[in-house]
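Trainee: I am new to this structure and would like a close look at one part of it. Please start with the cysteines and go on from there to the parts around them.

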Amino acid sequence: MLRYCGRLLAPNWRLLAPGRRSSTECRQTVKVTLIGTCNTTNQTAALLLKQNTLISELSLVSNESTAGIAMDLRHVTTNCAVNNFQGLKELGSAVKV
């Protein structure tokens, strides 16, 4: 379960067809928004989040431009999409499900 503004959010689950068994019976897709990505600590966190197989979309938000950081992360070959947003005006778009 994820928390957003004090509410519990249920993640989206994609179940396999009945009768099929796998070591990963349920696949969870999660969108993560990282706010304040212009410092080195959060850039490293963004790289680690990008490599996580449970995350399908990573949004980077900061007051300064995050286009360069997002471009660097897009070069890492994973199934995670990277989006960049700048400023408080675009924060709503970044956290939108």
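Mentor: This is a predicted model, and a search through the whole of it finds zero disulfides. Cys-38 is partly exposed, because its relative accessibility is 28%, and a residue has to be under 20% to be called buried. Cys-80 does count as buried, with a relative accessibility of 6%.

Cys-38 leads on to Thr-66. Leaving aside residues up to four places away in sequence, Thr-66 touches Cys-38 along with Thr-37, Leu-60, Val-61, Asn-84 and Phe-85. Thr-66 sits in a loop, the one that runs between β5 (55-62) and α2 (67-74). The relative accessible area of Thr-66 is 1%, so this residue is buried.

Thr-37 leads on to Asn-42. With the same sequence neighbours set aside, up to four places away, Asn-42 is in contact with Thr-37 and also with Leu-34, Ile-35 and Gly-36. For Gly-36 there is a distance to give: a polar atom of the Asn-42 side chain lies 2.4 Å from the backbone oxygen of Gly-36. Asn-42 belongs to helix α1 and is buried, because its relative accessibility is 19% and the cut-off is under 20%.

That brings in the helix itself. In α1, which covers residues 40-50, the buried residues are Asn-42, Ala-46 and Lys-50. Looking down the axis of α1, these buried residues fall within an arc of 80 degrees, so they line one face of the helix. On the face of α1 turned away from that buried side are the exposed residues Thr-40, Thr-41 and Leu-48.

Key
Residues are numbered from 1 along each chain as its sequence is written. This is a predicted model: local features need pLDDT of at least 70, side-chain atom pairs count only at pLDDT 80 or more; totals for chains, interfaces and linings use all residues. Side-chain values use heavy atoms; hydrogens and water are left out. A disulfide is a pair of cysteine sulfur atoms within 2.5 Å. Buried means under 20% relative accessible area, exposed over 50%, partly exposed in between (1.4 Å probe, protein chains only). Helices (H or I, at least four residues) and strands (E, at least two) are DSSP runs, numbered from the N terminus. Contact means heavy atoms within 4.5 Å. The arc is that of the directions from the helix axis to the C-beta atoms. A polar contact is a pair of N or O atoms within 3.5 Å; within protein, one must be able to donate a hydrogen and the other to accept it, and residues adjacent in sequence count only if both atoms are side-chain atoms.
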